[in-house]
Amino acid sequence: MDCKTATLVYQTENHLEKIREIFPEAWQFLEAQAFAYVQGKAHDFDSAVKALVGKTNFKFRMVHRDDQDQLTKDLGELLGDITSRLLLEKHFSEVVGQRVFFSTICCSSHLTTDHELSLEEVLPLQRAAVKLQLTN
């Protein structure tokens, strides 16, 4: 998050409301992804990654985004800033009634998981996502 935006967000009393105000499309996207993750909604990219990776001992859902899209850039800003990422994870976990973790991965993909992934867990997902990008 750039300094100007961070100042706007963190010098208010309600940080989440300011994030929602500044990034309304990203807010809606994260909410939709949290519900889709909890409800187990299918997604083509996610299904393809899972087919390449095979069975894991954790739940995840991955969707691919256009890397030139403003929403993708906003998600990178929000999820790349640890404070906003933690605020958003806490909020949407409460909204959906289950713990969710958000990350960016691969070539501007969005990853929702049931816990914060270790390198050993995320590396196969990364490799599968990159492989899929080479075939498209």
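Me: In which helix do glutamate 21 and lysine 18 both lie?

Reply: A word on the model first: it is predicted, so to speak of local features takes pLDDT of at least 70 and side-chain atom pairs count only at pLDDT 80 or more, while totals for chains, interfaces and linings use all residues. Residues are numbered from 1 along each chain as its sequence is written, and side-chain values use heavy atoms, with hydrogens and water left out. Helices here are DSSP runs (H or I, at least four residues; strands are E, at least two), numbered from the N terminus. Glutamate 21 and lysine 18 are three residues apart, about one turn of the helix, and that helix, residues 15–22, is α2.

Me: What is the N to O distance where the side chains of glutamate 21 and lysine 18 meet?

Reply: The two side chains form a salt bridge, that is, a side-chain nitrogen of Lys or Arg within 4 Å of a carboxyl oxygen of Asp or Glu. Their N to O distance is 3.2 Å.

Me: Is lysine 18 buried or exposed?

Reply: The cut-offs are under 20% relative accessible area for buried, over 50% for exposed and partly exposed in between (1.4 Å probe, protein chains only). Its partner glutamate 21 has 52% and is exposed. Lysine 18 has 18%, so lysine 18 is buried.

Me: Which residue meets lysine 50 in a salt bridge?

Reply: Lysine 50 is partly exposed at 33%, and its partner is buried at 4%. Both lie in helix α4 (residues 44–53), four residues apart. At 2.8 Å, N to O, the partner is aspartate 46.

Me: Arg85 and Glu89 are linked in a network of salt bridges with which other residue?

Reply: Arginine 85 and glutamate 89 both lie in helix α6, four residues apart, and their side chains meet at 3.1 Å, N to O. Arginine 85 is buried at 12%, and glutamate 89 is buried at 1%. The other residue in their network is Glu116.

Me: At roughly what angle do the axes of α3 and α6 cross?

Reply: The axes are lines fitted to C-alpha atoms over the stretch in contact, with angles from 0 to 180 degrees between N-to-C directions. Those of α3 (residues 24–39) and α6 (residues 82–96) come within 10 Å. They cross at roughly 50°.

Me: Which residues in α6 do Trp27, Leu30, Glu31, Ala34, Phe35 and Val38 in α3 meet?

Reply: Contact here means heavy atoms within 4.5 Å. On the α6 side, the residues met are Leu88, His91, Phe92, Val95 and Val96.
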